[in-house]
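Colleague: Please show me the model, and let us then settle what the terms used for it rest on.

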Amino acid sequence: MRGWQFWIDRGGTFTDIVARTPDGRLVTHKLLSENPARYRDAAVAGIRALLDGGPAESRVEAVRMGTTVATNALLERKGERTVLVITKGFGDALRIGYQNRPRIFDRHIVLPEMLYERVIELDERVAADGTVLRSPDLDALATHLRAARDAGAGSVAVACLHSHLYPEHERAAGKVAEQLGFAQVSCGSEVSPLMKLVPRGDTTVVDAYLSPVLRRYVDGIARQLPGVRLMFMQSNGGLAEAGHFRGKDAILSGPAGGIVGMVRMSQLAGFDHVIGFDMGGTSTDVSHYAGGYERVFHTQVAGVRLRAPMIDIHTVAAGGGSILHFDGARYRVGPDSAGADPGPACYRGGGPLAVTDANVMLGRIQPEYFPRVFGPDGDQPLDADVVRARFADLAARIGDGRGPEEVAEGYLRIAVANMANAVKRISVQKGHDVTGYALTTFGGAGGQHACAVADSLGIRSVLVPPMAGVLSALGIGLADTTAMREQSVEVRLDETAVPRLVEVADALSAAARAELAEEEVPDEAITVSVQVQLHYDGTDTAVPVALADLDAMLAEFAETYRRTYSFLMDRPLIAEAVTVEATGRTEQPELTYAAGEPVEPVEVRMYTGGGWRPVPLYQRDGLRPGDTVDGPAIVAEANATTVVDDGWRAAVTGYGHLLLERARPRADDAGATTRVDPVLLEIFNNLFMSIAEQMGARLEATAQSVNIRERLDFSCALFDPDGNLIANAPHMPVHLGSMGASVKEVIRRRAGDLRPGDVYAINDPYHGGTHLPDVTVVTPVFGTGGEILFHVASRGHHAEIGGITPGSMPASSRDLHEEGVLFDNWLLVADGRFREEETQALLAGARYPSRNPATNLADLRAQVAANAKGVEEVGRMIGHFGLDVVQAYMRHVQDNAEDAVRRVIGALGSGSYRYELDSGAVIAVRVSVDRAARTATIDFTGSSAQLDTNFNAPTSVVTAAVLYVFRTLVADDIPLNDGCLRPLRIVVPPGSMLAPVYPAAVVAGNVETSQAITGALYAALGIQAEGSGTMNNVTFGNDRHQYYETVGSGSGAGDGFAGAAVVQTHMTNSRLTDPEVLEWRFPVRLEEFAIRRGSGGTGRWPGGDGAVRRIRFQEPMTVSTLSGHRRVPPYGMAGGSPGSLGANRVERRDGTVVHLGGCDSVEVQPGDVLVIETPGGGGYGRGGPGGYGANGLSRAGPGIAGARHRA
C-alpha cells in the first residue's frame, strides 16, 4: 500500500495542503502561514494534523512543496551574508544598475538595498570577442576572500564581464572560493549564462544569497520528516529534488504550482485557451495559457533584476488583504496589504479595512461558511460585526450620502478593474484576443470576483476547478519534474548557424537528462524540448521558436511576431540563446469527482443590484454533475467561496468543475453616469494610465534603436480633443509636460484637414517640438461621426537625426539646422499608408541629413504601431462605458489633479532664485503664492536673453519643468495631466533663453536647461538641494555607429532624507545600456563605471555621490558632451554644502590628457579613453557626518564602510 503524499503551498497568508491518502483519496487542509503561538512551521504542522499527530517517517511517501521562504528572505533582506566578486572597474555595477529611479515623482529617491555586503574587484578582463586582455589575479583574490570569510561572509557570487560566452575566468575565481571553504559559490556562467552583466550579476547574487536559506529550511523540514522524499516547486513550473533546489529558481515557487494546477484542471474540463486568475490574501497573480507554458527570462522582484526561466505571471497588489483608502476625492485599493497578521479587520487582529472586509460587508463571504482559524486559539470565525461598524464609520467620513454597502461595493469595483488591467498586460498587450478564452479562477478569493473580472474583459466563461481554494497545492502535486538549461550563442540565423545550435542543444539536453537521472526519473519517462530565442538584428525582443530546420524557424518567428506586433521587419535574425527543458512525467492521480449527498441550499442575504436580496447558498460538495445554479447565488466549499453574479449561471461538470457562463447579455457598465464618482474616478485614472502603458510596451518591444528599446528614452500619452494631457505612462518627465504642445500644433495647423488614417510627426521646436532628436508621432482618434474624440501620441529620442556631429547632440551648434532634420507637422501616414519614400527623402535631403535613416524609419514605424495600440484601447474603453461617460471622466481626472495641486499650493510659501549656468547665463524665477485662491504665478522675468549657444529652451520645456516640479510636491499618487497646470500661471519673457526665436539652436535646452529650470524652482520654493542639475549627455559616433547616453549623478538631499548616488534625476529617467550590450554592438570598451565617492555635498542629510565612467574607443569617432555644473557646483540648502563639480576629459593613448568643457566636441582615436565624472548632489542642513550614508554599499551587514577591495 502506498504511503501518504503531501502537496503544500506555503503562501504569504495561508498554507494550503492537499494530501493523497494511501487509498488514493485527496483531502485538504488550510492554516495560517504565521502563527508562532501555535506552531513553528505551518507545513509540518499541517502534515501532523492530517496524520492525527502520529509519526510521519513511516507513513509519508513524499512531500512536494512550493514555498515563499526564498521570496520572504529576499523581501526582508534576511539571506546569507554574501560577497560579490566582479570584474575590476565594475564593483558598483549592480548597485548603479541602469540608473533609473523606481518612482519618477518621488523627490526622496529610494533605491533597492543591495544583497551583498562587500565587493571584491577581480583584476581580469575579457573582451566581447573573447580576447583575454588580463588574466585573473587569483592570489590577490584569495587574500581578500579569506578576509571576507573571517568577517563572517558565507556565500560568494562571481560575475565577470562576458562570462556568458567566455566563462574561464569566472570558473577559476569560483574554484578559489570553494577551496577556501565557502559553503555556497554561485557563478554567473552557470546560474544564468545569458548576455547582460547587470541582470546576470543580480541573478547570481540572488542565488548565492538565498540558496543557503533554502538549504537550511529544507534541512529543517528533513529533520522533522526523516526519510521522507522532499521535492520543491521551481519558478519555471517544474519540480526539483531538495538537493537541486536553488535560490534563483525559488522566487515564484508557490505561484508556479497554481499555473500547473490551473492548466491541468482546465484541460480536464476541455479548455486549452485560458487566463489563470489566482487571487490570494496578499496579491493576485494572472497568467496566460494557449497550449504551452509561457515563460519569461527577465523579471524584477523586490528591486532585483533576475534573468532565469520563470512562468510568466503578472502580479497586482489586489488581494483579499489589500487595504482600502480614501484620500478625500478618490477611493484607492492597495497597494499595501494587511497580510496575515494583523490581517483584514474581520480577522480579529485589529487590522485595517481590506478587500476581504468589503466582501464580508456585502454578504459575498458568509463567516459561518469560512474557515474558523481566527482569534487567539485559531478557532473563531470572521468578525462581521467589526466590519459593519468600520464601514459605517468610513461612509460617515466620506460623507457623500452613500451607505456602508455602497462604499464597500465601490471598493470592489476598483479592485476588479485593477485585476482586469493586470490580465490585459499578459494577454491583450501581447496580441491575444481573450474574449474566446475561459477565466480559470483559483486561490481563496478568486471565486468572489471572477464573474466581475470576466465581464470587464468580455470573457463569457469562468471555470472554478474542484479544490480551487488550494489549486496551487494541487498543481504542485500534478507537476512534472523539470530540469532546464540555457546558453547564449549570439549568432546570425542562417544555414551555417543551424549545426551550431544543434550542437549546443545536444550538450544542454545531455546535462538536463543527467540531472533528472540523479533524481531517479526513468529515462523512458523523460521528454526533451528545445527552443531558440530569436530576435531581429539590432533589437532585443526575443521570440522563442522550436529548434528545427531554417525555414521552419523563420516561419514560426514570422507568425508569432506578426501576431504580437502587427508587422515584420526587413532585417536578419539573431539566435540569442538555446533553451532546453527536460521533463520527467509525474504519474497523475485519479481526479474523478465524488459528489456528496445532495444538500438543500440555505438562504442568506447578499447585497447585489443596489440592495439586499435573499440568495441561495449551496454547499459545493452537495452539488452533482449536471446541477445548475442561477445567479445571484453563493457556492461555498471548505477553502473557497464562489459568487455567481446576477446574469450568470453555474453548472457542475462531470469532473466537478463549476462552469459559469453568461446567461444573458451584460449591459454596458450599468449605473455609470457623467457625474463625478469617487469610485469611477479611480477606475478611469487607472484606465487612462493603462492605455498609455500599453502603448509604451508596444513601442519598447518594436523599436529598433538602442536608445528607445533599451534606454527607454520615450513617452506615450493620451490627450483630449483640444490637446490637453489626460494621462501618460511614467516614462520621461521632460516629455510629459511638453508633448501637448506638439499635439496642439497639429490641431492648430491641420484643423479641418485631419482624417482617419492620418498620422503626423513633429520635432520642430518652433512648432510644437522641444529639440530635434525627440520626434513626436500624433494620431487623432475619430468617432463614428467623424469627430475627433481623443489624440494619442508617442515621443521617442532618435539617437541620430542628422546635424553637424554623429548622435545629433552637437556641443557647438548655433543654428537649428545644424542640429538635424526638421519634421514640421510632417504627414507620416496618409490614409493608412506609411509614407516611407517621402520620409526617407526628408531624412536624406536636409542640410545635415540623418546618418541612419533606416533606423529612423524603423523607430517611426514602431511609434505608429504604439499609437495604433492606443487607438484600439480607446475604442475598447468607449465601447464599454459609452462615449459620454468617457469624455466626462476625461475632464474629471483633470479636475482631480487640479484640486490636488491646489491643496499643495496652500501650504507653500513664495520665493525666488537666480540659477547660474556654467556659461554665466541665468535662469531667474519668482514663485508668488496666493494661498487664499490656492494659485501660484511662476515668473521667469529676468532670465538671460536668447543665447548664441544651444542652451535655449522652447517654452514647452519650461511648462514641462513647472508641471513636473509641482507634481512632485503632491504626496498622493495622482496622474500627471494638464489639470495640474490650471492653478499655475507661467510667465516667460519673449526673446529670452526660455522663449527663443527661430532659428536659435536648442538641442541642449531640452536636456540641460530643463534640469536647471527644475533646480531653480526647487531653490525658489526651498524644497531640496540641487540634484546635480545636468543630464551629462554623451554622444559618440562615426558614419557606421551612433550612440547616445546620459550618465547619472547624485540626487539632492532634502529635509529628512539623504540623496542617492548615481541615479537619474529631475527631468530624465532614461536607462543606461548594459555594459555587455554596449561592447557587443559598438567598437568601444567600458573600463569603469563606479560611484564617485565623496562627491556628494555634506550636511545633516548628505547629497548623493556622482559617477565615474571610462570608455575606451576601438575606432576613430567624434565625441560630444553636453553637461553642466563643471564650473558652478550644485547648490546645498539650509546650511548643507554643495555637491562636487563634474569633469570631462580624454586620456590619449600616448598619455596626454585633453580637458573638455562641459559642452565640447573632440575627435578620438583607437586607444583613447573618455572619462566622465558627474557632479554630486547638494547636502541639506548643517552638520552631519558627510556624504557616505546614501552613497556606498548597502548596510546589510557589518564591516560595510571599508568593504571594497580590488584583487
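Modeller: The discussion below concerns the domains and one interface between them.
This is a predicted model, in which local features need pLDDT of at least 70 and side-chain atom pairs count only at pLDDT 80 or more, whereas totals for chains, interfaces and linings use all residues. Residues are numbered from 1 along each chain as its sequence is written, and side-chain values use heavy atoms, with hydrogens and water left out.

Colleague: What makes 678-877 and 1027-1185 domains?
Modeller: The bounds come from an automatic or database domain assignment, which lists them as domain 3 and domain 4. Their C-alpha centres lie 29 Å apart.

Colleague: Why are domain 3 and domain 4 said to be in contact?
Modeller: Contact means heavy atoms within 4.5 Å; 22 residues from domain 3 and 27 residues from domain 4 take part.

Colleague: What is meant by the area buried between domain 3 and domain 4?
Modeller: Buried area is the accessible area (1.4 Å probe) that two parts lose on being put together, summed over both. Here that sum is about 2,000 Å², and carbon and sulfur atoms give 61% of it. On the side of domain 3, Arg711, Pro806 and Met809 lose the most area to domain 4, together 34% of what that side buries.

Colleague: How many salt bridges are counted between domain 3 and domain 4?
Modeller: A salt bridge requires a side-chain nitrogen of Lys or Arg within 4 Å of a carboxyl oxygen of Asp or Glu. The count between these two domains is 0, so no pair counted there satisfies that rule.
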